[in-house]
Amino acid sequence: RHFKAHFVEWRIQRSHLLKVTQRLDQPHCFTVQNANRDTAYYVEARPDGMYCTCDDFHNQLEFFGRGCCKHGYAVLNSLGCQSLEHYLAAVSERLAA
């Protein structure tokens, strides 16, 4: 449990350093940039969670079957969601309506 809390907290803290830009051509897609490292990743907000093109996200998928990287947390924050669970609950509510 301690590992999981630290695992998530570290990514949330790092997400605050990133710039999120929503793509105009695809409303559920975002570009997340790290100006300090001159990198950018593509993040899609899907009904089942965030999908990112970064290695951290793909490693989490491989080892845990799911995940959310710092880029995903940056998008969640820009959407006004406090957590991935908060986002998933909001999507579920919207789909049920």
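Tutor: A residue counts as buried under 20% relative accessible area, as exposed over 50%, and as partly exposed in between. The model discussed here is predicted.

Student: Is Asp 56 buried, partly exposed or exposed?

Tutor: The relative accessible area of Asp 56 is 24%. The buried class ends under 20% and the exposed class begins over 50%. Asp 56 therefore counts as partly exposed.

Student: Which residue meets the side chain of Asp 56 in a salt bridge?

Tutor: The N to O distance of this pair is 2.9 Å, and the cut-off for a salt bridge is 4 Å. The partner of Asp 56 is Arg 11.

Student: How many residues apart in sequence are the parts that Asp 56 and Arg 11 tie together?

Tutor: Arg 11 is buried, at 10% relative accessibility. Asp 56 belongs to helix α2 and Arg 11 to helix α1, so the pair ties together parts whose separation in sequence is 45 residues.

Student: How many salt bridges are there in total?

Tutor: Besides the pair of Asp 56 and Arg 11, Arg 23 meets Asp 25 at 3.0 Å, N to O. Glu 44 meets Arg 46 at 3.4 Å, N to O. The count of salt bridges is three.

Student: Arg 23 and Asp 25 form a salt bridge; what is the relative accessible area of Asp 25?

Tutor: Arg 23 is partly exposed, with 28% relative accessibility. Asp 25 is in the exposed class, so its value must be over 50%. The relative accessible area of Asp 25 is 54%.

Student: How far apart in space are Gln 26 and Glu 44, C-alpha to C-alpha?

Tutor: Gln 26 sits in the loop between β1 and β2 and is partly exposed at 31% relative accessibility. Glu 44 is also partly exposed, at 23%. The two are 18 residues apart in sequence, and their C-alpha to C-alpha distance is 9.1 Å.

Student: Which residue in the loop between β2 and β3 is placed there with a positive phi?

Tutor: The loop lies between β2 (29-34) and β3 (39-46). The residue in question has a phi near 55 degrees and is not a glycine. With a relative accessible area of 72%, it is exposed. The residue is Asp 38.

Student: Why is helix α3 described as largely enclosed by the rest of the structure?

Tutor: Helix α3 covers residues 70-78, nine in number. Among its buried residues are His 71, Tyr 73 and Leu 76. The helix is described as largely enclosed because the number of its nine residues that are buried is seven.

Student: Which helix gives the most to the lining of the largest pocket?

Tutor: The pocket holds about 360 Å³ of space, and among the lining residues closest to its centre are Lys 4, Phe 7 and Tyr 73. Helices α1 (2-15), α2 (55-64) and α4 (84-96) each supply at least two lining residues. By class, the lining has eight nonpolar, four polar and four charged residues. With six residues, the helix that gives the most is α1.

Student: What accessible area do Phe 3, Phe 63 and Phe 64 have together?

Tutor: Phe 64 lies in helix α2 and is partly exposed, at 48% relative accessibility. Residues in such a patch need over 30% relative accessible area, so Phe 64 passes that cut-off. Together, the three residues form a nonpolar surface patch with an accessible area of about 400 Å².

Methods: Residues numbered from 1 in each chain as written. Predicted model: local features only at pLDDT ≥ 70, side-chain atom pairs only at ≥ 80, totals over all residues. Heavy atoms only, no water. 1 Å grid on protein atoms, 1.4 Å probe; cavity = no way out; pocket = protein on both sides within 12 Å on 5 of 7 lines; lining within 4 Å. Points joined across faces, edges and corners; volume = space filled by probe spheres on them. Helix = DSSP H or I, 4+ residues; strand = E, 2+ residues; numbered from the N terminus. Nonpolar A, V, L, I, M, F, W, Y, C, P; charged D, E, K, R; others polar. Patch = residues over 30% accessible without salt bridge, like charges linked within 9 Å, V, L, I, M, F, W, Y side chains within 5 Å. Areas by Shrake-Rupley, 256 points an atom, 1.4 Å probe, with all protein chains shown as cover. Buried < 20%, exposed > 50% of the residue type's maximum accessible area, 1.4 Å probe, protein only.
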